[in-house]
Amino acid sequence: MIDLHDIIERVANLKESIELKTRHSYLQRYMETPSIDEDKILLLYSIYEDLLLPKEQMENYILTTMLVQQALDTHETVPNRLTYSDERLRSQQLSVLAGDYFSGLYYYLLAEASDITFIRILAEGIKEVNEAKIHLYQMDYNQLDKLFSCLTTVESAIFQKIVKSFHINKWVELVANFLMLKRLLHERELYLNSGSSILFKSIKKIVFSKGDQDQVVDTEVMVEFNNQLTYVSEKLEQFIVTNPKLNSMLRDRINDLLFKSTSFGMKRIAEEG
């Protein structure tokens, strides 16, 4: 097992490689590129470490997968409603083009390596993510379990395609719950800080579909959210217990997120008490 210092260094080097690949002077001048998620680099590294892949192949797979993620995240920054000032319209157009640019980069890298199989894996994952995003933002669901399943697909479909294709089934639940926990914590922060969260808006729509949503009590929506947060957290805790050989950096990061998921509730109890 590689020690913690080496893992930290490799994740940092991989992030730097991704930044170099996605750096474009014109795009940087007019738009802010989405930040690179180090947790996803760490997760991919841990998966491929488990497969004992050669270093070059591992790095290429991580780089191309993260380029896919950058493309999806960049497209996510395009607002649903277009505004027509020259500056704003140019920013919206550049967000679309930047996402396409990052997509082209990962296809190019994999084609250069003649890795058609991995291109297919990523393409299938992208298709599932985009289909789920359409349903999520149209708020098509009338059941909470379907809503949370949709959000899980948005966050983890690409990663799940990878682990299933390599037949490492023990990672299926981890990638789903780890990435879902990150998204749940992000949505909670958005909701509490700005009141703007597609997830909380969808929960409210489902729970109070037969009543007047203007009369909704926030705590009732939070109860449903916390039920899902608890479910995902417990799944992650079980994974840690049953997989003692998990590398220490990923284990520590999971524990950090688990603490964050509970510390908010403890803080609220203390404030109310």
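This passage walks through three helices of a predicted model and some of the residues they hold.

We can begin with helix α3, where length and burial are easy to check by eye. With 14 residues at 1.5 Å a residue, α3 should span 20 Å, and the C-alpha atoms at its ends are indeed 20 Å apart, so expectation and model agree. The helix is mostly covered, with 11 of its 14 residues buried. The buried set runs through D39, K40, I41, L42, L43, L44, Y45, S46, I47, Y48 and E49. Both ends of α3 have a detail to look for. At the N-terminal end, D37 acts as a cap, with a side-chain oxygen 2.9 Å from the backbone nitrogen of D39. Just after the helix, L52 takes a positive phi of about 60 degrees.

D39 itself deserves a second look. This residue belongs to α3, which covers residues 38-51. Its relative accessibility is 9%, and because buried means under 20%, D39 counts as buried. The side chain of D39 also makes a polar contact, at 2.8 Å, with the side chain of R253. Apart from neighbours within four places in sequence, D39 is in contact with F178, K182 and R253.

A little further along α3 comes a residue of the nonpolar core. In soluble globular proteins, nonpolar side chains tend to be buried together. Here the largest nonpolar core has 73 residues, and L43, Y48 and L174 touch the most other members. For L43, the contacts beyond four places in sequence are F159, W171, L174, V175, F178, L179 and L250. F178 thus appears among the contacts of D39 and among those of L43.

Helix α10 can be checked in the same way as α3. Its 25 residues, 218-242, should span 36 Å at 1.5 Å a residue, and the end C-alpha atoms lie 36 Å apart, so the two values agree. Buried residues of α10 are V221, M222, F225, Q228, L229, V232, S233, L236, F239 and I240.

Two of these α10 residues lead on to helix α11. S261 is found in α11, which covers residues 248-272. The relative accessible area of S261 is 8%, and because the limit for a buried residue is under 20%, S261 is buried. Setting aside neighbours within four places in sequence, S261 is in contact with L181, L185, R188, L229 and S233. Of these partners, L229 and S233 are buried residues of α10.

Definitions and conventions: Residues numbered from 1 in each chain as written. Predicted model: local features only at pLDDT ≥ 70, side-chain atom pairs only at ≥ 80, totals over all residues. Heavy atoms only, no water. Helix = DSSP H or I, 4+ residues; strand = E, 2+ residues; numbered from the N terminus. Buried < 20%, exposed > 50% of the residue type's maximum accessible area, 1.4 Å probe, protein only. Polar contact = N/O pair within 3.5 Å; in protein donor to acceptor, adjacent residues only side chain to side chain. Contact = heavy atoms within 4.5 Å. Expected span 1.5 Å × (residues − 1). Core = buried A, V, L, I, M, F, W, Y, C linked by side-chain atoms within 4.5 Å.
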